[in-house]
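Colleague: I have a few questions about the sheet and its surroundings. Can you take me through them?
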Amino acid sequence: RRPKKNNLGDAIDRFEKRRGNLAGAHDTSSSHGDSSEKVIIVNLNIGSEAPAIQKEDFRNGARKGKVKSQGSYLHADEDKTVTEMVAEERRSQQEGSRSMDEVFARNVARLGSRYKGAEFQTVAGASAGADEDDVAGDGGIDMKMFTSNNNRLTGAARYNREVSRQIARESKAQSFTSRCWWWMESGSFQKHRLLSLGDHVSMVMIPSHLSLTSDHLFLVPVQHAESFASCENEVWNEVSHFKASLRRMLKKEGKGVLFCETVLPSKGFWQTRMDIIPVPKEIEQDAEMFFKSAMTEQAEEWGVHTKVLSTKGKGLRGTVPKGFPYFNVEWSDGGFAQIIENEKFPKDFGLDIIAGMMELDPMKFNRKPKASDHDRGAVLKFLSGWKEFDWTLSLDEGK
């Protein structure tokens, strides 16, 4: 038997219980916006205890914590195959380390006028190194300029540097997280806007003064994700459940629905979200024509690939590779995707196209006053129609 939702308080209690269960399942440390305490957990790959201090750690200035290199840089990778070196490079990038090209550029900048490149005739051990020349005449290549200074640090110095980097990274991530009000992990998240919660995806109502239409919603991954294209199968399974349930609910009301996501090129920590826009049925039927025309026209102006990619039959993940910024829109029987190359691509591109189709003002000019009840009435109205189609109720019942 499905639980009753007589008022907003019942729904909030239910979600609080689900959120508590998910916090244990996902092992998160966030307070979900209910506490002002900031806790930063640092996960190090160099052991849980700080290494013993060496004599080099008592030095001063630039020499502090640095040891002399053992052996020559000329044949540092001579025993490695190309496959092993490529795998090592990819692994270092996944762990957040710099690539060899970045290390080389930083070393050149660090040396400044002391760097002589190929004209510097000494080999490993000189301050400027040699620029990939076989100066020894035995086939060796000087790798000094491609080696990070981290390799010369003592264990204690490397440990302290990694701790500082992790703390700075997490602090920066939390500052970005606070701006993602639609995410449960954000300190600015308003829990009464949570409409439905799966194990991996949540559905949130947008504040009315920021929405395009009434019942404008977000689908948001529970865990951090920069895009839905990068999410795992379990996330997409729940996204499919939400989409199918929403389509059934809106079909009963004689409406259609459009889903769109914009992932801009950015190195910042950001939580993705997918817009859910209920529209008249005829608007959904015309979406393919309108979006194909608009995406083709804007491609050159905003520096995106001119080709409009159809996601029909392949889905988003089968169309857009992981790690690429993109725009995606989907309707009942198809959708389009397009790679974005320019950070100035308008973040409201999809919503503005839908606004034009519905003869509404663009998002920039579609300003509305804030709801006096913080949209609690709108939330209750949506829940009354959603409860018949809410597939997450089976999760609460353990089915």
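Colleague: Which residue is the bridge partner of Leu 194 in strand 2?
Modeller: Val 204 is the bridge partner of Leu 194. This is a predicted model.
Colleague: How many bridges join strand 1 to strand 2?
Modeller: There are 3 bridges, and the two strands run antiparallel. The hairpin that joins strand 1 to strand 2 passes through 3 residues.
Colleague: And which residues of strand 2 point which way?
Modeller: Val 201, Met 203 and Met 205 point one way, Ser 202 and Val 204 the other way, and all are buried. Strand 2, residues 201-205, is thus mostly covered, with 5 of its 5 residues buried.
Colleague: What does strand 3 add to this?
Modeller: Strand 3 (residues 217-221) runs antiparallel to strand 2, joined by 5 bridges. In strand 3, Leu 217 is the bridge partner of Met 205.
Colleague: What is the strand order in the sheet?
Modeller: The sheet is open, with 8 strands in the order 1-2-3-5-4-7-8-6 and antiparallel pairing. Strand 1 (194-197) and strand 6 (309-310) stand at the edges with a single partner strand each, so one side of each has no neighbour in the sheet.
Colleague: Which helix packs on the sheet?
Modeller: Helix 8 (residues 349-357) does, touching strand 4, strand 5 (274-280) and strand 7. Its direction makes about 5° with that of strand 5.
Colleague: Other topic. Is Ser 245 buried or exposed?
Modeller: Ser 245 has 1% relative accessibility, so it counts as buried. The residue lies in helix 5 (residues 233-252).
Colleague: What does Ser 245 touch?
Modeller: Leaving out residues up to four places away in sequence, Ser 245 touches Trp 386, Phe 389 and Trp 391.

Technical notes
Residues numbered from 1 in each chain as written. Predicted model: local features only at pLDDT ≥ 70, side-chain atom pairs only at ≥ 80, totals over all residues. Heavy atoms only, no water. Pairing = 2+ DSSP bridges. Helix = DSSP H or I, 4+ residues; strand = E, 2+ residues; numbered from the N terminus. Contact = heavy atoms within 4.5 Å. Axes fitted to C-alpha atoms, helices over the stretch in contact; angles between N-to-C directions. Buried < 20%, exposed > 50% of the residue type's maximum accessible area, 1.4 Å probe, protein only.
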